[in-house]
Amino acid sequence: MGAKSLGEQMGVEEEDAACYIESFKSRYKGRRRLSTSFAIEVVNVRKGFICVPSRVSGINAFLRETVKKCVKTGYVQTLMGRRRYLPGIANGNAHAKAHAERQAVNTTVQGSAADIVKLATVNIQKRLRKTYPAAPLSHQHARPAGGRRGVGTSRLGGAYFILQLHDELIYETKEEDLIQVAQIVKREMESAVKLYVKLKAKVKAGASWGSLQDLDI
């Protein structure tokens, strides 16, 4: 299927459709052409598709440079210096090599994102300990050996770190400490590293995970 017919089905310009085809081919080099069934699936899922590489300068250059460096060194590296070796990058099999190329890009991007959120988590904990020095580290720390909550711990402020979900951090805090804790979390997440693009963190709050609402701070 050509770019013109794909563009007509997707409702986008032929240039954008062509860009999508090339992007698909670069990631799945074993495919010689886009099948009709795939094109129909694209129409259903990607209605209103915008060709990102043609709209945002530098993306294709980043993809090529990441793969090029991996071919040269045999590994990729995250923002904080963690390495992942990818021997498949030198594989003579087209499928194996294409798979390693995708791993090179994904590891660089997603691994760096993991670096940032881990650093932010550590910084948040340090800030919470400094702001609320008497607060227990967790629910478990707040209870004595007998299992009952210690005297006075219910009045302690601060926040408990509950869960990390990809790039989301979930904390439990008292309502009277909500704003200050939210400000700490937001500030430390946005300032964990300095990048060319400013990091933005969205804060939500609620009585339960399922009832979270945007919190404007």
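**Figure 1. Strand 4 gives the most to the lining of the largest pocket.** In this predicted model, six residues of the pocket lining come from strand 4. The pocket holds about 1,400 Å³ of space, and 36 residues line it. If you would like to find its centre, look for Asp167, Glu168, Leu169, Met189 and Lys202, the lining residues that lie nearest to it. Strand 4 has partners here: helix 6, strand 3, helix 7 and strand 5 (204-205) also supply at least two lining residues each.

**Figure 2. The largest nonpolar core brings together helix 6, strand 4 and helix 7.** This core has 17 residues, and those touching the most other members are Ile124, Leu128, Leu169, Tyr171, Val181, Val185 and Met189. Helix 6, strand 4 (168-173) and helix 7 each contribute at least two residues to the core. Which element gives the largest share of this core? Helix 6 does, with five residues. Another core, made of nine residues, lies apart from this one, and its members include Leu63, Cys70, Leu86 and Ile89.

**Figure 3. A close look at the neighbours of tyrosine 171.** Which residues does tyrosine 171 touch, leaving out those up to four places away in sequence? The list is Thr121, Ile124, Leu128, Ala159, Tyr160, Phe161, Ile162 and Val185. Two of these neighbours, Ile124 and Leu128, are named together with Tyr171 among the core residues that touch the most other members.

**Figure 4. Helix 7 and the elements that cover it.** Helix 7 is 13 residues long and spans 18 Å from its first C-alpha to its last, close to the 18 Å expected at 1.5 Å a residue. Its buried residues are Val181, Ala182, Ile184, Val185, Lys186, Glu188, Met189 and Glu190. What covers these buried residues? The cover includes helix 6, strand 3 (159-165) and strand 4. Notice that the buried set holds lysine 186, with a relative accessible area of 19%, and glutamate 190, also listed at 19%. These two residues return in the next view.

**Figure 5. Glutamate 190 and lysine 186 meet in a salt bridge within helix 7.** The N to O distance between their side chains is 2.9 Å. Why are the two separated by about one helical turn? It is because they stand four residues apart in helix 7.

**Figure 6. Arginine 127 and glutamate 188 form a salt bridge between two helices.** The closest N and O atoms of this pair are 3.6 Å apart. Arginine 127 belongs to helix 6 and glutamate 188 to helix 7 (residues 178-190), so the salt bridge ties together parts that are 61 residues apart in sequence. Are the two partners buried or exposed? Glutamate 188 is buried, with a relative accessible area of 11%, whereas arginine 127 is partly exposed at 32%.

**Figure 7. Glutamate 101 and lysine 97 meet in a salt bridge within helix 6.** Their side chains come to 4.0 Å, N to O. Both residues lie in helix 6 (residues 94-131), four residues apart, which is about one turn of the helix. Glutamate 101 is buried, with a relative accessible area of 9%, while lysine 97 counts as partly exposed at 27%. A search of the whole structure finds four salt bridges, and the pair shown here is one of them.

**Figure 8. Histidine 166 sits in the loop between strand 3 and strand 4.** What is the sign of phi at histidine 166? Phi is positive, about 60°, although this residue is not a glycine. For background, most residues other than glycine have a negative phi. Histidine 166 is also exposed, with a relative accessibility of 69%.

**Figure 9. Stepping back to the whole protein.** The secondary structure comes to seven helices and six strands. Read along the sequence, these elements follow the pattern α-α-α-α-α-β-β-α-β-β-α-β-β. The protein has 217 residues, of which 33% count as buried. Take the contacts between residues at least 6 apart in sequence: 48% of them join residues at least 24 apart.

Conventions
Residues numbered from 1 in each chain as written. Predicted model: local features only at pLDDT ≥ 70, side-chain atom pairs only at ≥ 80, totals over all residues. Heavy atoms only, no water. Buried < 20%, exposed > 50% of the residue type's maximum accessible area, 1.4 Å probe, protein only. Core = buried A, V, L, I, M, F, W, Y, C linked by side-chain atoms within 4.5 Å. Contact = heavy atoms within 4.5 Å. Expected span 1.5 Å × (residues − 1). 1 Å grid on protein atoms, 1.4 Å probe; cavity = no way out; pocket = protein on both sides within 12 Å on 5 of 7 lines; lining within 4 Å. Points joined across faces, edges and corners; volume = space filled by probe spheres on them.
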